[in-house]
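Thanks for making the time this morning; I would like to walk you through one model, starting with a sheet and moving on to the contact between two chains. Please have the sequence and the structure open while I talk.

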Amino acid sequence: MTLMALDALTVRRGTRPVLDGVTLRVDEGEFVGLLGPNGAGKTSLLRGALGLLPIGGHSSLAALAPGARARAAAFLPQGREIAWPVSVETLVALGRAPHGAADPGHPAVALALARMGLDGYRGRIATALSGGEQARVLIARALAQETPLLIADEPVAGLDPEAQIRAMQVFAGLAGEGRAVIASIHDLGLAARHCSRLILLHRGRLAADGTPREVLTEVRLAEVFGIRGFHAETPDGPVFQPLGVIR
Amino acid sequence: MKSVFFLLALLVAALFVASLLIGPAGIGFGDSLAALFRGEGGPVVLVMREIRLPRAILGLLAGAALGLSGAAMQGYLRNPLAEPGLIGVSASAALGAVIALQTGAAAAVALALPLSALAGAGIAVALILLLAGPRGGALALILAGIAISALAAALMSLVLNLSPNPFAGMEIVYWMMGSLADRSMTHVALAAPFILGGGLVLLSLGRGLDALTLGEDAAQSLGVNLPRLRLGVILGTAATVGAATAVAGAVGFIGLVVPHLLRRLVGARPSALLPASALGGAAMLLAADIGTRLIAPDADLKLGVLTALVGAPFFLQLIWSMRRVEA
């Protein structure tokens, strides 16, 4: 089943389109990595798809009423904001609000905390945690929303290697359960290793869409990122390592 | 956390009773209650029902209004330095009151002053909504509020400046210090609907403010209607603070300090902080008003002077201890 359908999605800043006519759909069971250099339009795509920006074209999520949208897709914004010194469980329980009450006792809260390796953190004050811990708490909040689709803007930036791999495995696990995740990500190696599908944006347009092997070709890497890289299939799965700048 | 609410409610109740029992007329405990509830005791009945009861009720209402709107404003702007006066409503209400005093309308008709203050608050809200737009962000709201406050302050100075009568000038200065003395049940009847109505609006915003803890994008993605939340904050604050200013004058610091004091005690959740701050604000204003009667019964010590005098050092101490924790 299709969880998100974008048709000629366009986002403008002033008169300049920062996202120009992107058409794509995300189906159940997919873990989509959204790639592209800075300013390629990744955040605009994710926010526009949710209707958080004025858009041209059509987005199936933006067309929903706010309450229904909150039960269809969870969003993890790039800016990791925690305004008040609330406890971790209170913060994660905010994800339950679209389903009724923000109840810290709900099983989804415990599950989300366990998935992010935060079992001992329940009573800790969220603002007193380190940046990486806060990022994990915020991912747990989005998981607790238990939506068919999770939209995450740079969820693993700034995490330590263990937490990065853990988060990617959690996202892949959600896809395995028949849900779907679309996450913007700068680490091409992590994306190649864990995502089932990659979408490459370049200057606001869709440059490539397919499996990691199909998308991360030498020609595209040179054209879009201006880098060359090493790509191999190993017993651990696909490995990609950027090696140098070519521009 | 339940015990926090219980203790606050108990404190408010005790201060309310104390406010009824303490005054220059030196009436005994039993006589006071007999007069209040059974109407026994001639002039004492008048003192209790016409002077002390409205004063205590207004202290309760205005304090709750200031505490509640302070918590809502801080929650909406996600900034612990926000206070209800930020959107310019208190300054505009004060301007309305000052104009009523200057023109002599306040002396001719008893309710001219609070009505004029409410009109000032109403104009400020209309201006805010016009300037900050229905879809604008928090920054537009703050800037519009600052502009309106500055304009209202300048116009107040102009009124004082042009005042031909030094007594009117003195009266204006005294009024701006804030007081609950010599208020009647008519003042209660005028302010209560706005404070209760606005208060209900603000209390209903708890869930949206909770979600805003995660930022505007995350809150919207959780199904919060931000433009509606903003409208609720503006209208609720305007109604409560406008009415409180109209009957009590400019009383500062409560809207800023009370949410600060109570935030950690209720687990920092904005939805819990709203009712707690309403109770805390009521307790603080009632206590300050009792203070004005006890400290200098004959000098007519002004309420706003006392809240700022006590509030500011308290606030400094709070910042000092926060600094040490964060360092």
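**A sheet, a helix and an interface**

Let me begin with strand β1 of chain A, residues 2-13, which is joined to β2(A) by eight bridges, the two strands running antiparallel. Before going further I should say that this is a predicted model. Within that pairing, A:Leu9 stands opposite A:Val22 of β2(A).

The wider arrangement is an open sheet of three strands in chain A, with the order β2-β1-β4 and antiparallel pairing. Because β2 (16-27) and β4 (56-59) of chain A stand at the edges and each has a single partner strand, one side of each is left without a neighbour in the sheet. As for the twist, neighbouring strands of this sheet are turned against each other by 10 degrees on average, if direction is ignored. Packed on the sheet is helix α1 of chain A, residues 42-50, which touches β1, β2 and β4 of chain A and whose direction makes about 115 degrees with that of β1(A).

Now to the interface, where 26 residues of chain A are in contact with 23 residues of chain B. The area buried between chain A and chain B is about 2,000 Å², and carbon and sulfur atoms give 62% of that area. Which three residues supply more than any others of the area that chain A buries against chain B? They are A:Glu81, A:Trp84 and A:Leu94, which supply 35% of that area.

Turning to the polar side, the rule finds two salt bridges across the interface of chain A and chain B, and it also finds six residue pairs in polar contact there. A:Glu81 comes back here, since it forms a salt bridge with B:Arg78, with the closest N and O atoms 2.4 Å apart. The elements that give two or more residues to the side of chain A that touches chain B are α2 (66-72), β5 (73-76), α3 (88-93) and α5 (131-144) of chain A, and the largest share, four residues, comes from α2(A). Sorted by class, that side of chain A has 17 nonpolar, five polar and four charged residues.

Finally, over all chains the count comes to 15 salt bridges by this rule. One of them is formed by B:Asp217 with A:Arg47, the closest N and O atoms being 2.6 Å apart. B:Asp217 lies in helix α11 of chain B, residues 216-221, and A:Arg47 in helix α1 of chain A, so this pair joins two chains.

Note on methods. Residues are numbered from 1 along each chain as its sequence is written. Chains are lettered from A and ligands numbered from 1 in the order in which they are written. This is a predicted model: local features need pLDDT of at least 70, side-chain atom pairs count only at pLDDT 80 or more; totals for chains, interfaces and linings use all residues. Side-chain values use heavy atoms; hydrogens and water are left out. Two strands pair if DSSP finds at least two bridges between them. Axes are lines fitted to C-alpha atoms, for helices over the stretch in contact, and angles run from 0 to 180 degrees between N-to-C directions. Contact means heavy atoms within 4.5 Å. Buried area is the accessible area (1.4 Å probe) that two parts lose on being put together, summed over both. A salt bridge is a side-chain nitrogen of Lys or Arg within 4 Å of a carboxyl oxygen of Asp or Glu. A polar contact is a pair of N or O atoms within 3.5 Å; within protein, one must be able to donate a hydrogen and the other to accept it, and residues adjacent in sequence count only if both atoms are side-chain atoms. Ala, Val, Leu, Ile, Met, Phe, Trp, Tyr, Cys and Pro count as nonpolar, Asp, Glu, Lys and Arg as charged, and the others, Gly among them, as polar.
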